[in-house]
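Work through the exercises below with the model open beside you. Try each task before reading its solution.

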Amino acid sequence: MTDTEMIPVTVVSGYLGAGKTTLINHLLSNPGGRRVAVIVNDMGEVNIDAELIERASEDEGIVDLSNGCICCRLQGDLLEEASRLAESRVFDTLLVESSGISEPIPVAQVFTEGTETSDVDPTTLFRLDTMVTVLDTYGFWKEFDAGAQLPAGAQPDEDRPLSEVLVEGIEFCDVLLLNKSDMVPDDVLEEIEAVVDTLQPRAKRLRTSYCEVDPDVVLDTDRFDFETAKRSQGWKRHLRGEGHDHDRDERTRSGDDHDRDAEPGAAERHGVSSFVFRSDRPFHPERLAAWLEDWDGAIIRAKGVCYVANREEVIGLSQAGPSVRAGPIGEWRPGDDRRTQLVFIGRKMDEDRIREELEACLAAGDEAAEVEAAADPFPL
């Protein structure tokens with residue numbers, strides 16, 4: 001089966017209440033002449049989203065995967081059901097709505113690599129075509145406005161904090177819908193656009209209300225490329241020393257899909273900046289842990305690896321707004337260049353102060369050798 005014969009797959013991600021189901025309903029009502037099948041994933045025992053979609057459409061090609069997440073325990077089920085759909089009925093494109101806490105990369109891998117729990121080779125049936133993230137723009141504004149009240153329905157989750165879900169969805173997508181943009185003041189919306197462009201400069205971005213988009217924007221786009229998608233994340237580009245391209249030509253200000261060039265200097269105008277902190281000296285573990293616990297509201301994203309004194313483990317750091325995760329992600333090998341490399345992306349950051357604070361967290365002189373190994377490899 002050639003690439004043109006394989007069924008294109010669009011995966012829709014986004015936090016609870018962002019508007020994923022609204023988008024699916026819109027596409028079922030306006031498929032652009034396509035026959036569409038849908039797989040809906042929800043973490044609850046009763047999938048309300050699937051019920052809403054079924055009420056809005058007479059299409060029988062709807063599969064409900066409930067009580068689990070397709071980015072982890074239901075990966076095999078996702079692939080099996082997709083394969084069953086392909087064998088039992090004829091359709092032109094497959095829409096997959098992931099749950100509100102799903103990680104987009106593992107879902108993409110289901111259709112590009114298959115799973116250990118299924119014998120189905122997805123590449124013989126499907127072509128992952130587009131990764132779409134529906135961003136609750138109002139929720140993003142409130143989540144990254146330090147001290148602001150979260151939007152109704154946005155409940156903290158210890159396993160997948162809201163800020164982490166929002167940032168990861170932005171970082172790995174081909175199309176980003178800034179939904180509920182009508183609920184955000186214009187100046188704030190422009191600032192959010194500058195932030196998301198820094199987090200993910202490759203994605204096509206549109207402002208939407210009720211996810212009203214031309215189906216051609218999210219179906220059969222041929223935008224997805226796994227390696228390009230992984231490398232295009234803003235923090236990886238900055239770590240490689242690649243500047244942000246503010247002149248790229250895929251920008252849309254509204255749902256009518258009129259492309260526009262990004263305004264030069266948008267990031268600078270809204271105080272959005274980034275920098276890389278590198279050091280060959282190790283961190284003192286307790287001082288670094290204390291610094292991470294005191295979140296700087298100006299930092300939206302921090303990502304990278306830390307060299308920590310008297311630790312054979314490589315300490316990975318991932319910060320998305322107030323959510324901070326740090327811990328071992330492997331061990332230094334004998335030939336490794338042990339050094340810290342951290343990317344910071346934020347708005348109105350005081351880079352000099354942050355660098356000074358990080359320098360103060362480094363082990364001084366012989367202090368590194370005197371740091372005692374704790375039972376926990378990193379005290380976070």
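**Exercise 1.** Decide whether Thr-93 is buried or exposed, and find what its side chain reaches.

Solution. This is a predicted model.
- Step 1: Take the relative accessible area of Thr-93, which is 0%. Buried means under 20%, so Thr-93 is buried.
- Step 2: Place the residue. Thr-93 belongs to strand β4, residues 93-97.
- Step 3: Follow the side chain. The side chain of Thr-93 comes to 3.2 Å from the backbone oxygen of Pro-8.
- Step 4: List contacts beyond four places in sequence. Among them are Ile-7, Arg-34, Val-36 and Leu-219.

**Exercise 2.** Determine which residues Val-167 touches outside its neighbours within four places in sequence.

Solution.
- Step 1: Locate Val-167. Helix α6, residues 162-171, contains Val-167.
- Step 2: Check its surroundings. Val-167 counts as buried because its relative accessibility is 0%.
- Step 3: Read off the contacts. They are Phe-144, Arg-301 and Ala-320.
- Step 4: Compare positions in chain and space. Val-167 and Gln-319 are 152 residues apart along the chain, yet their C-alpha atoms are separated by 9.5 Å.

**Exercise 3.** Test whether the length of helix α7 agrees with its number of residues, and say how enclosed the helix is.

Solution.
- Step 1: Count residues. Helix α7 has 14, and at 1.5 Å a residue they should span 20 Å.
- Step 2: Compare with the model. The end C-alpha atoms of α7 are 20 Å apart, which agrees.
- Step 3: Count the buried residues. There are 11 of 14, so α7 is largely enclosed by the rest of the structure. Val-188, Leu-189 and Ile-192 are among the buried ones.
- Step 4: Add the flanking strands. β6, α7 and β7 form a right-handed β-α-β unit. β6 and β7 run parallel, joined by 4 bridges. Leu-178 has Arg-207 in β7 as its bridge partner.

**Exercise 4.** Which parts does the salt bridge between Arg-205 and Glu-193 tie together?

Solution.
- Step 1: Find the pair. The N to O distance between the side chains of Arg-205 and Glu-193 is 2.8 Å.
- Step 2: Place both partners. Arg-205 sits in strand β7 and Glu-193 in helix α7, so the pair ties together parts 12 residues apart in sequence.
- Step 3: Check exposure. Arg-205 is buried at 3%, and Glu-193 is buried at 4%.
- Step 4: Widen the view. A network of salt bridges links Glu-193, Asp-197, Arg-205 and Arg-207.
- Step 5: See which way the strand's side chains point. Arg-205 and Arg-207 point one way from β7, Lys-204 and Leu-206 the other.

**Exercise 5.** Contrast the exposure of the two partners in the salt bridge of Asp-216 and Arg-34.

Solution.
- Step 1: Start from the pair. The closest N and O atoms of Asp-216 and Arg-34 are 2.6 Å apart.
- Step 2: Place both partners. Asp-216 is in the loop between β7 and α8, and Arg-34 in the loop between α1 and β2, so the pair ties together parts 182 residues apart in sequence.
- Step 3: Read the accessibilities. Asp-216 counts as partly exposed at 49%, whereas Arg-34 counts as buried at 14%.

**Exercise 6.** Identify the strands that pair with β11.

Solution.
- Step 1: Take β14. It runs antiparallel to β11, with 6 bridges. There, Ala-302 has Phe-344 as its bridge partner.
- Step 2: Take β12. β11 and β12 also pair in the antiparallel sense, over 6 bridges. Cys-306 stands opposite Ile-315 in β12.
- Step 3: Check the cover. In β11, 6 of 8 residues are buried.

Note on methods:
Residues numbered from 1 in each chain as written. Predicted model: local features only at pLDDT ≥ 70, side-chain atom pairs only at ≥ 80, totals over all residues. Heavy atoms only, no water. Helix = DSSP H or I, 4+ residues; strand = E, 2+ residues; numbered from the N terminus. Buried < 20%, exposed > 50% of the residue type's maximum accessible area, 1.4 Å probe, protein only. Contact = heavy atoms within 4.5 Å. Polar contact = N/O pair within 3.5 Å; in protein donor to acceptor, adjacent residues only side chain to side chain. Pairing = 2+ DSSP bridges. Right-handed = clockwise from strand over helix to strand, strands pointing away. Expected span 1.5 Å × (residues − 1). Salt bridge = Lys/Arg side-chain N within 4 Å of Asp/Glu carboxyl O.
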